[in-house]
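Reader: I am new to this structure and should be grateful for a close look at a single part of it. Please describe that part in full and then show how it connects with its surroundings.

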Amino acid sequence: MIDRVGPTRMPRTPIRGYQRWRTLCFMHWEVPETELAKVVPRGLTVDTFDGSAYVGLVTFGMEGVRPRWSPDALAFDFLETNVRTYVHVDGEDPGVYFLSLDAASRIAVAVARSVWGLPYYFARMTQQRDAKRVRYGVQRAGPTKPKLELSYEVGEALGDSKPGSFEHFLVERYLLHLEKGGRIWTGQVHHTPYPVQRAEVIEIEDEIVPASGLPVSGAPPIVHYAEGVDVNIYDLGPRAQGSR
């Protein structure tokens, strides 16, 4: 049995930075586990819920992004869009593996790529909110220029996700895994549980998830929303040898 509660607890290691995540839309499609296994590095295993595997598209705003030593007055804000799936390491440490991350900040992209080796891309993004409806757009820079045009409505509150529930499996993820230099690296964040709400996609034109090489099409059948959480960022580093 995979421990899905342990990663939600606050680490005892020093905080390295702070962020505020706001206006989060979590969209998911079921994808054959065999397809996800093709894009997940060796050393990571695709995580499943009742035998099914998922890819997620998450749109949100990043606010107050700063290292621990920097004052809040020097923090910066930008929009971000992630394509992610869910993995574990030999039955432990359930977390996320990012297939792509688009950010509307050239500084964030440069730092994340050079320091952590994360697959960040610079993109121009827009977000407008009118009552319960949110419109969100992404246009990635570069040769292929995949885009996302999204409109969704926020629905009823579901409250905190309970461990063992489907919502907890999808949204309550506190560990990040990546492959760098032939080794698996793991990082951690901490925040209060997401105040999850139902949501419904009204319109979507998505080229971001297919650009990651996964066979999805049409509107996501599983959609959740969260107003936001304040986040502590902890170290990202290589796992001990023998702990792939």
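Author: The lining of the second largest pocket divides into four nonpolar, five polar and three charged residues. This is a predicted model, and the pocket in question holds about 210 Å³ of space. Its lining includes Gly-6, Pro-7, Arg-9, Pro-11 and Thr-13. Asp-93, Leu-175, Thr-186, Gly-187, Gln-188, Tyr-234 and Asp-235 also belong to the lining. Two elements, E10 and E12, give two or more residues to this lining. Of the contributors, E10 gives the most, with three residues.

The two strands E10 and E12 are themselves partners. Strand E10 covers residues 183-190 and is joined to E12 by five bridges, the two running antiparallel. One of the paired positions is His-190, whose bridge partner in E12 is Asn-232.

Strand E12, residues 222-238, has further partners. E1 and E12 run antiparallel and are joined by 11 bridges; here Cys-25 stands opposite Tyr-225 in E12. E11 also pairs with E12 in the antiparallel sense, over three bridges, and Arg-198 stands opposite His-224 in E12. In a regular strand, side chains alternate between the two faces of the sheet.

A side-chain contact also links E1 with E12. Arg-22 forms a salt bridge with Asp-230, with the closest N and O atoms 2.7 Å apart. Because Arg-22 lies in strand E1 and Asp-230 in strand E12, the pair ties together parts that are 208 residues apart in sequence. Arg-22 is partly exposed, at a relative accessible area of 23%, and Asp-230 is likewise partly exposed, at 48%.

E11, residues 196-206, has a salt bridge of its own to strand E8, residues 147-159. The residues concerned are Lys-147 and Glu-205, whose closest N and O atoms are 3.6 Å apart. Since Lys-147 belongs to E8 and Glu-205 to E11, this pair connects parts that are 58 residues apart in sequence. Lys-147 is partly exposed at 24% relative accessible area, and Glu-205 is partly exposed at 39%.

The segment before strand E1 takes part in a further salt bridge. Arg-4 bonds in this way with Asp-47, the closest N and O atoms being 2.8 Å apart. Arg-4 lies in that segment and Asp-47 in the loop between strand E2 (45-46) and strand E3 (53-67), so the pair ties together parts that are 43 residues apart in sequence. Arg-4 is partly exposed, with a relative accessible area of 21%, whereas Asp-47 counts as buried at 2%. Together with Arg-173, these two residues are linked in a network of salt bridges. The count of salt bridges comes to 13.

E10 and E12 also appear in the lining of the largest pocket, where each supplies at least two residues. Other elements that do so include E1, E3, strand E4 (76-89), strand E5 (92-103), helix H2 (106-116) and strand E9 (175-180). About 930 Å³ of space lies in the largest pocket. Its lining comprises 41 residues, and Gln-19, Met-62, Trp-116, Tyr-120 and Ile-233 lie nearest the centre. By type, that lining divides into 30 nonpolar, five polar and six charged residues, whereas the lining of the second largest pocket has four nonpolar, five polar and three charged.

Technical notes
Residues numbered from 1 in each chain as written. Predicted model: local features only at pLDDT ≥ 70, side-chain atom pairs only at ≥ 80, totals over all residues. Heavy atoms only, no water. Salt bridge = Lys/Arg side-chain N within 4 Å of Asp/Glu carboxyl O. Helix = DSSP H or I, 4+ residues; strand = E, 2+ residues; numbered from the N terminus. Buried < 20%, exposed > 50% of the residue type's maximum accessible area, 1.4 Å probe, protein only. Pairing = 2+ DSSP bridges. 1 Å grid on protein atoms, 1.4 Å probe; cavity = no way out; pocket = protein on both sides within 12 Å on 5 of 7 lines; lining within 4 Å. Points joined across faces, edges and corners; volume = space filled by probe spheres on them. Nonpolar A, V, L, I, M, F, W, Y, C, P; charged D, E, K, R; others polar.
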